[in-house]
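Here is a short report on selected helix pairs and residues. Please read it with the model open.

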Amino acid sequence: MSTTSNKRTNPDACPHAARCGGCQLQNMTYDRQLRWKQNLAEQMLGSFGRVEKIIGMDEPTHYRNKVQAAFGRTRDGRIISGVYQSGTHRIVPVDECMTEDRTADAIIADIRRMLPAFRVTVYDERNGTGFLRHVLVKRGFSTGEVMVVLVAATDRFPTKKPFVKALLEKHPEITTLVLNVNSKDTNLVLGEREIVLYGNGWIEDTLCGLTFRISPRSFYQINPIQTEKLYDLAISWAALDGESTVVDAYCGIGTIGLAASRKAGRVIGVELNRSAVKDAIANARRNGITNARFYAGDAGDFMRAMAEDGMKADVVFMDPPRAGSSVTFIESVATLQPKKVVYISCNPETQARDLAVFAAHGYRAMRIRPVDMFPWTKHVETVVLMSRVKD
Ligand code: SAH
């Protein structure tokens, strides 16, 4: 692929791009995508300060460590696997995607080819018959561990033993295989029941020198190479002194807080999703980290309770979902009076709205920098360091 800056259009554009819709910037060379994202960040955040140069990828392909394929049939009965055409439930057959991990793509295509020989049927959404709905593959880029999740409508899988044996022979790199049962008429890919068919049911990966356990349903950043750069940047900007009290708000499975814990006195994490909080606690234990505590709850309510209890924080990391943060949260942060707030965002529009509220409470943006987490897509991730300028 060419990433030279004199080319404006991508000569190797993906043949599925128009129907798939996942990569909105598919027609641009990678250099041009980075300029496009830099411009967008400047438009949205430029009024708060200078936007530093976007951190791109050296190799912007096959970065996704989690790949999901829907299974179905064409009108003439052929089994296909791929992605849903955006906004529909029509499957676009895709075997290779330039953003997805190659091993994962190969496993999914081989599973599809194996199905007829093992009399495994695919699910039909229209009448709720058939077996296999989706295949999900997650790979730990640094450990090489591979998890395959077969999402099926029932747990009746008569050819299970020979199928599993054949798949493992073809792909010995698979370290665990899970059957997830999703019998509901739903848009959610994963159901609640899980049956481990091989291995221990989860994989591990390392990020910022720490080990994280990844189970079929747990959230994990999908571009680990850029995530490490993003967290390193956020943590270096916080300039922790070894004694600071650090809050990791919207902490997910605790990755940012745990990565920061070595340079902090203590870490307090808060997250709405209970199972993510459980993972965060397990991750702390797994890495022998004893100065981090994680709580389940709304970040805004939690911060208000901290403020009412007269607690103090030195640094607040926040990484809210696309909708951004809340006025309650920001006002409580202001009451806690941290010297620094590091705001990671996947939506510069809501981030700009929130920065204005922070500004009204005496927090000024000192540094702003985008990181490209999702090459070929229009998504822009930005980190903003704010300092308290008002006493
Ligand atoms: N910092 C984590 C996760 C960021 S994603 C990481 O990088 O891995 C945003 C997280 O915010 C999600 O885990 C979501 O469950 C959580 N969340 C959404 N609304 C919330 C709220 N009101 N209070 C606390 N957490 C919330």
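The report takes two helix pairs first, then single residues.

## Helix pairs

This is a predicted model. Two packed helices are described by the angle between their axes and the distance between those axes.

Start with α2, residues 30-45, and α10, residues 348-360. Their axes come within 9 Å. The crossing angle is roughly 25 degrees. That makes α2 roughly parallel to α10, because the angle is under 35 degrees. The crossing of α2 and α10 is right-handed. On the α2 side, Leu-40, Met-44 and Leu-45 make the contact. They meet Pro-348, Glu-349, Gln-351, Ala-352 and Leu-355 in α10. The residues of this contact divide into 6 nonpolar, 1 polar and 1 charged.

The second pair is α3 with α4, the latter spanning residues 160-170. The α3 and α4 axes come within 11 Å and cross at roughly 140 degrees. Is that crossing oblique or roughly antiparallel? Angles over 145 degrees count as roughly antiparallel, so α3 is oblique to α4. The α3 and α4 crossing is right-handed. From α3, the contact uses Asp-110, Ile-111 and Met-114. From α4, Phe-163, Ala-166, Leu-167 and Lys-170 take part. The residues of the α3 contact with α4 divide into 5 nonpolar, no polar and 2 charged.

## Exposure of selected residues

The table collects the relative accessibility of six residues.

| Residue | Place | Relative accessibility | Class |
|---|---|---|---|
| Gln-33 | helix α2 | 0% | buried |
| Asn-65 | loop between α2 and β1 | 4% | buried |
| Arg-119 | loop between α3 and β4 | 74% | exposed |
| Thr-121 | loop between α3 and β4 | 38% | partly exposed |
| Ala-239 | loop between α5 and β10 | 51% | exposed |
| Thr-245 | strand β10 | 12% | buried |

## Buried residues

Gln-33 sits in helix α2. Its relative accessibility is 0%, so Gln-33 counts as buried. Which backbone atom does the side chain of Gln-33 reach? The side chain reaches the backbone oxygen of Met-28 at 3.2 Å. Beyond four places in sequence, Gln-33 touches Leu-25, Met-28, Pro-375 and Trp-376.

Asn-65 lies in the loop between α2 and β1, where β1 covers 66-73. Asn-65 is buried, because 4% is under the 20% limit. Leaving out residues up to four places away, Asn-65 touches Val-137, Lys-138, Arg-139 and Phe-141, and also Tyr-220, Gln-221, Ile-222 and Pro-224. The C-alpha atoms of Asn-65 and Ala-104 are 8.1 Å apart. Along the chain, these two residues are separated by 39 residues.

Thr-245 belongs to strand β10, residues 245-249. At 12% relative accessibility, Thr-245 is buried. Its contacts, setting aside neighbours within four places in sequence, are Arg-266, Ile-268, Lys-312, Ala-313, Asp-314 and Val-315.

## The loop between α3 and β4

Thr-121 and Arg-119 share a place in the chain. Thr-121 is in the loop between α3, residues 102-114, and β4, residues 132-139. Arg-119 lies in the loop between α3 and β4 too.

Thr-121 is partly exposed at 38%, because that value falls between the 20% and 50% limits. The side chain of Thr-121 reaches the backbone nitrogen of Phe-131 at 3.2 Å. Not counting residues up to four places away, Thr-121 touches Gly-130, Phe-131 and Leu-132. What separates the C-alpha atoms of Thr-121 and Thr-103? The separation is 24 Å, with the two residues 18 apart along the chain.

Arg-119 is exposed, with a relative accessible area of 74%. Its phi is positive, at about 50 degrees, although Arg-119 is not a glycine.

## Positive phi in a second loop

Most residues other than glycine have a negative phi. Ala-239 is not a glycine, yet has a positive phi of about 45 degrees. Ala-239 is in the loop between α5, residues 224-238, and β10. At 51% relative accessibility, Ala-239 counts as exposed, because the limit is over 50%.

Methods. Residues numbered from 1 in each chain as written. Predicted model: local features only at pLDDT ≥ 70, side-chain atom pairs only at ≥ 80, totals over all residues. Heavy atoms only, no water. Helix = DSSP H or I, 4+ residues; strand = E, 2+ residues; numbered from the N terminus. Buried < 20%, exposed > 50% of the residue type's maximum accessible area, 1.4 Å probe, protein only. Contact = heavy atoms within 4.5 Å. Polar contact = N/O pair within 3.5 Å; in protein donor to acceptor, adjacent residues only side chain to side chain. Axes fitted to C-alpha atoms, helices over the stretch in contact; angles between N-to-C directions. Parallel < 35°, antiparallel > 145°, perpendicular 65-115°, else oblique. Left-handed = near helix turned anticlockwise from the far one by under 90°. Nonpolar A, V, L, I, M, F, W, Y, C, P; charged D, E, K, R; others polar.
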